[in-house]
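The notes below are for a colleague who wants to check the secondary structure and packing of this model point by point. Please read them alongside the coordinates.

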Amino acid sequence: MVKSLDEILLGEIDGFRELGHKFLTGEVSKMDFKGASGGMGVYAHRNGKELMIRFRIPSGVARLEALQFIYEYAAKYGAETIHLTTRQAIQLHGIDIDEVCEVMEAGIKRGVYTRGSGGNFPRNIALSPLSGVEKDEVFDVTSYALAVGDYFLQKIYTYKLPRKLKVAFSNNAEDASHAGAVDLGFLAVEENGKKYFKVYVAGGLGRNSKLGLEFPELIELKDVLYHVEAATQIFISEGDYQNKSKARMRYIVDRMGAEEFMKCYKEHLEKVKESQVLTLSVNEKEYNKVGSKTEVNSSRLYEQKQDGLYSVYVHPAGGQLSLSDLKLIIDQVREIPEAEIRLAMSEGFYVRNLDGQEAEKILELTKHIGGDSRLERSVACIGVPTCQIGLLESQETLKEVITYFKEKNFTEDVLPQIHISGCSNSCSAHEIGEIGFCGKKLNVQGEVKDAFELHLGGRLGLGNAKLADYCGDILRESLPEFLYELASDISKTKKDYNSWMEENQPQLENILDHYIIK
């Protein structure tokens, strides 16, 4: 009798529990445990005693039932917060191995999975969080992202990849899901009245960041899974299983060259088409809720393409959402007909499909959770003291910046969202941010200091993508003052950030000269 997915995943838990206890007693090394635990969606904290579990929220489409489940177990284990990630997942930190296994088992039984949310597996499929309601979208790509996520999940326990595989779907040229900078990205386009996907292959952030190579032809919507399987097969066939630091798909391009890689990719694509039937057919969701207008203005309020309907953005600082606020959101959204929650790529979430009065209520109820400026809605990875491989305290650094601006009573919204990564792994996506920081340790006049690489000018978008320029290193202790001086100068000129950057290079260089470590 063929076992179901749930039966297979449930059957893995006892063995993992045993391994976890051996790790905690020192019988299994940290690296050996990490090699197994990642694939279960579990990682040890830096202290080697506590653990984190990562729940797959499919493409950030957060069902209330899943959020309620996570709330119940987080409360049971005494957690004060959950962490919203930069890839539309939810992490629960500071639990032990038995709690990990308990919540994993309960989650499988309630349709909330962790398998493959870490380790060398296809990760959660990224999705533009406003897909389906955004005013300037080409078309709603939600169903395609969910279909690919389910395709991976149904055989998640079978994959033997060199390292992780990231796939993303964007609904327009803004590329909110980072499709142009992941292993496989699909971006919605329209040509001569027909819908297509533009495909990007072998991008990725972190060490040796690369934008994806553009597949030379637009592809039919029905052919998505052929490309998913082709990307998987070229990764398995050509990826480096020996050297972990060179095991991402972008290193295959480095080895082969772009032209040869694309030739090889096309060969794998043809083989998949010849050997498998993977034609995809999905239905876009219809939004028929009756709307009503609101006169409220807020930087967190987004008018949907559906008349009289809105989405409200909520951003807990650093993605750290308190359990009391999680319960508030669940309880409020449950009472709003047809309302939805979508996790973003920025450690926040949208409450969607609200009429004007409902949007006003959600704005008011969530105003205490995050700030109204882009700076206060910045992104910081979990960092030290939680992350095993982190170098600096990303979360604390972000708090220091926000506190500094409050102490200076600076409330103008002149800086863009900043991205703070505690190391070069780029969990905050600092290379594609307008202002990005990457943690490191530096020897400064014989003393080891906390410092951040400064990256400026990163961006994504159709025909506009660019990795940020590395501009030098700044001491962590100087970071708030540096950003404040930058903001103050922009404020004086009455220009927006991008205009100031283009037109005031001498002033930028003067500021950098003061803060960059020589």
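1. Valine 333 is located in helix α9. The model is a predicted one, and in it valine 333 has a relative accessible area of 3%. The cut-off for a buried residue is under 20%, so valine 333 counts as buried. Its contacts, once neighbours within four places in sequence are left aside, are Leu64, Ala339, Ile341 and Val351. From valine 333 to glutamate 358 the C-alpha to C-alpha separation is 9.6 Å, with their positions 25 residues apart in sequence.

2. Which strands does helix α9 lie across? Helix α9, residues 323-334, lies across β3 and β12, and its direction makes an angle of about 75° with β12. Strands β3 and β12 are themselves paired, in the antiparallel sense, over three bridges. Within that pairing, histidine 83 has glutamine 320 of β12 as its bridge partner.

3. Strands β3 and β12 belong to an open sheet of five strands, ordered β1-β2-β4-β3-β12 and paired antiparallel. The edges are taken by β1 (42-44) and β12 (320-322); each has a single partner strand, so one side of each is left without a neighbour in the sheet. From one strand to the next, the twist averages 30°.

4. Strand β4 deserves a separate look. In the strand order of the five-stranded sheet, β4 is placed between β2 and β3. On one side, strand β2 (residues 51-55) is joined to β4 by five bridges, and the two run antiparallel. Isoleucine 53 stands opposite leucine 92 of β4 in this pairing. On the other side, two bridges join strand β3 (residues 81-84) to β4, again with antiparallel strands. Here leucine 84 is opposite isoleucine 90 of β4.

5. How many of the six residues of β4 are buried? The strand covers residues 90-95, and five of the six are buried, which leaves β4 mostly covered. As a general point, the side chains of a regular strand alternate between the two faces of the sheet.

6. The connection from β3 to β4 is a hairpin with five residues between the strands. Glutamine 88 lies in the turn and has a positive phi of about 60°. A reviewer checking backbone torsions may wish to look at glutamine 88 in this turn.

7. A second open sheet contains four strands in the order β10-β11-β14-β13, and its pairing is antiparallel. Its edge strands are β10 (301-303) and β13 (340-343), each of which pairs on one side only. Direction ignored, neighbouring strands in this sheet are turned by 25° against each other on average. Strands β11 (residues 309-314) and β14 (residues 349-355) run antiparallel and are joined by five bridges. Leucine 309 stands opposite aspartate 355 in β14.

8. Turning to helix packing, the axes of helix α6 (residues 224-238) and helix α8 (residues 258-275) come within 8 Å, with a crossing angle of roughly 120°. The two helices are therefore oblique to each other, and α6 passes α8 in a right-handed crossing. Residues of α6 in the contact include Tyr226, His227, Ala230, Gln233, Ile234 and Ser237, while those of α8 include Phe261, Tyr265, His268, Leu269 and Val272. By class, the contact of α6 with α8 has nine nonpolar, four polar and three charged residues.

9. Is histidine 268 buried or exposed? This residue of helix α8 has a relative accessible area of 13% and is buried. With neighbours within four places in sequence left aside, histidine 268 is in contact with Ala230, Gln233, Ile234 and Ser237. These four also appear on the α6 side of the contact between α6 and α8.

10. The other helix pair is α12 (residues 479-493) with α14 (residues 505-515), whose axes come within 11 Å and cross at roughly 165°. Angles over 145 degrees count as roughly antiparallel, and α12 and α14 are therefore described that way. Their crossing is right-handed. In α12 the residues involved are Glu481, Phe482, Glu485, Leu486 and Asp489; they meet Gln507, Leu508, Ile511, Leu512, His514 and Tyr515 of α14. Sorted by class, this contact of α12 with α14 has six nonpolar, two polar and three charged residues.

Conventions:
Residues numbered from 1 in each chain as written. Predicted model: local features only at pLDDT ≥ 70, side-chain atom pairs only at ≥ 80, totals over all residues. Heavy atoms only, no water. Buried < 20%, exposed > 50% of the residue type's maximum accessible area, 1.4 Å probe, protein only. Pairing = 2+ DSSP bridges. Axes fitted to C-alpha atoms, helices over the stretch in contact; angles between N-to-C directions. Parallel < 35°, antiparallel > 145°, perpendicular 65-115°, else oblique. Left-handed = near helix turned anticlockwise from the far one by under 90°. Contact = heavy atoms within 4.5 Å. Nonpolar A, V, L, I, M, F, W, Y, C, P; charged D, E, K, R; others polar.
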